[in-house]
Amino acid sequence: MASTSSSFGAAQVLVASNRGPVSYEIQEDGSLRSKRGGGGLVSGLSAIGPDAGALWVCSALSDGDREAVRRGAGEDGVRMLDVPADVHADAYNGIANSVLWFVHHMLYQTPLEPVFDAEFRRQWASYEAFNRAFAEALAEEAAEGAAVLVQDYHLTLVPGMLRELRPDVRISHFSHTPWAPVEYFRMLPDDIAGQVLRGMLGADRLGFLTRRWADAFTACCEALAGGLGETVVGVHGLGADADFLRKRSREADVDERMAALREQIGEGRKVVVRVDRTELSKNIVRGLLAYRRLLADRPEWRERVVHVAFAYPSRQDLEVYRDYTAEVRRVAESVNEEFGTAGWTPVVLHVQDDFARSLAAYRLADVALVNPIRDGMNLVAKEVPVVSDAGCALVLSREAGAYEELGEDAFVVNPYDVTGTAEALHEALSLPDGERAERSKRLAAAATALPPARWFLDQLEALRG
Ligand SMILES: O=P(O)(O)OC[C@H]1O[C@H](O[C@H]2O[C@H](CO)[C@@H](O)[C@H](O)[C@H]2O)[C@H](O)[C@@H](O)[C@@H]1O
Ligand SMILES: O=c1ccn([C@@H]2O[C@H](COP(=O)(O)OP(=O)(O)O)[C@@H](O)[C@H]2O)c(=O)[nH]1
């Protein structure tokens, strides 16, 4: 860890993130089964195969992961850090997901308010320890002058810490979330806000998904940290991986799930699809309420449309996420009770982790519903038009990063406006087939303009200068 040449590592390119490319489960017979990590960060970074020669440093997130570390059973090119489980829980559940995520997605609202008490301070110390563990591992693995690409709000202190340990390396930090406006960001205690900004400004380059988030960060630095200093801020709008998605969505397990879904949907009905993590910012409940409004106000759609809503479990250690997931189930059931008939289930909801089934839903989509309150990008909005068999219309929140690139061909909604979203669903469903296919093509072209591999290489080239 000292910056003497004898302690330099071998990796020329390093990526650091909390969630890694795979996660492990312990099977009944004691063997380990690996599973692709969920969410958009992994979708984006998975393009960095072993060919790119990068070392991916990530956290052990589950008992299976910790067991994999103990057995030395990890993947090539991946180093999982086994930070003590309680430190990780404080850093990930406590600080990253209950505070920083809430600030950037502006999710606090009475009675869900931020609490900056002694418990918060204790968790913050864990967040610092978690960041330090990453900085030390990166310092150990990095070759002289290596490029280190740090990811997201879990690791905001790493650039500053690593800079002290290894002044020779080039460091970038990329935010996959929105960035909060100054008025909201400074809800954080002043010393904490300062630590976050200064930690990130330890990097040579900072990346954001849209100009809007980059400008918000710059404004925070100007108001609270005396400006950006030497750090350069860039925008890299991560796109969908068309090659991977087209190939993967044609595999046999996806075909099987399509057949089962068709059965549930019934013949000749339009399909409105949404796929999200069970995540408050995705606004799943208001999406269901908008669909209910559509059926109530426009009875002509009854029996003629099915809403396929897949929510794969996320952050279920947090009570607020568990409650939200329960609320999603309740609202879906109540729509089915209110409008369902013997031969028609208006909402098909699955709360389960099944990537193949999500792709099957993408293929069947006539309309994709993506209505987050705020979202860094939202890759689902970019993936459905690429995969859907007959082309889909997109109902898209203006608060998703994807709006900057897809807004022109989407039915744009204010995510809080339930009746407005219902009306957008009606318009999207009413689009003639030919026009829908044309729009879908344009959406797919915009969505794949910057594929993950290019997105990553652009940042690497910029970092190396
Ligand atoms: O790791 P989790 O806690 O299970 O959460 C999954 C990921 O969620 C967030 O993803 C973001 O990144 C996407 C790709 O850039 C972007 O499209 C999306 O809008 C974001 O929400 C989070 O930022 C990641 O760190 C998580 O791994
Ligand atoms: O069962 C599933 C369904 C989807 N996805 C992927 O999760 C990502 C979600 O990314 P998005 O940017 O939409 O939101 P995030 O979950 O990262 O906030 C997409 O690439 C999806 O293909 C997944 O991992 N498991």
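## Two ligands and their surroundings

In this predicted model, a polar side-chain atom of Arg36 lies 3.2 Å from an oxygen atom of ligand 2. Two further side chains approach oxygen atoms of this ligand. The side chain of Ser43 places a polar atom 2.6 Å from an oxygen atom of ligand 2, and an N or O atom in the side chain of Lys282 is 2.8 Å from an oxygen atom of ligand 2. Considered on its own, ligand 2 exposes 550 Å², of which the protein buries 93%.

**The shell around ligand 2**

Ligand 2 is surrounded by 18 residues, and the closest are Gly40, Ser43, Arg277, Tyr312 and Glu383. By class, this shell holds 6 nonpolar, 6 polar and 6 charged residues. Several elements give two or more residues to the shell around ligand 2, namely helix H1 (40–45), strand E10 (270–277), helix H13 (355–364) and helix H14 (379–387). Where does ligand 2 lie with respect to domain 1 and domain 2? Ligand 2 lies between them, because domain 1 (10–238 + 454–464) and domain 2 (242–447) both give residues to its shell.

**The shell around ligand 1**

Which residues are the closest to ligand 1? They are Arg19, Tyr92, Asp152, His176 and Asp375, within a shell of 20 residues. Two of these names return in the polar contacts. A polar side-chain atom of Arg19 is found 2.6 Å from an oxygen atom of ligand 1, while an N or O atom in the side chain of His176 is 2.7 Å from an oxygen atom of ligand 1. In the case of Asn378, a polar backbone atom is 3.1 Å from an oxygen atom of ligand 1. Taken alone, ligand 1 exposes 560 Å², and the protein buries 97% of that area. The elements that give two or more residues to the shell around ligand 1 are H1 and helix H3 (85–104). Domain 1 (10–238 + 454–464) and domain 2 (242–447) each contribute at least three residues to this shell.

**Summary of the two shells**

The table sets out the residue classes for each ligand.

| Shell | Nonpolar | Polar | Charged |
|---|---|---|---|
| Ligand 1 | 8 residues | 7 residues | 5 residues |
| Ligand 2 | 6 residues | 6 residues | 6 residues |

Helix H1 appears in both descriptions: H1 gives two or more residues to the shell around ligand 2, and H1 also gives two or more to the shell around ligand 1.

Key. Residues numbered from 1 in each chain as written. Chains lettered and ligands numbered in written order. Predicted model: local features only at pLDDT ≥ 70, side-chain atom pairs only at ≥ 80, totals over all residues. Heavy atoms only, no water. Near = heavy atom within 4 Å. Polar contact = N/O pair within 3.5 Å; in protein donor to acceptor, adjacent residues only side chain to side chain. Areas by Shrake-Rupley, 256 points an atom, 1.4 Å probe, with all protein chains shown as cover. Helix = DSSP H or I, 4+ residues; strand = E, 2+ residues; numbered from the N terminus. Nonpolar A, V, L, I, M, F, W, Y, C, P; charged D, E, K, R; others polar. Domains from an automatic or database assignment.
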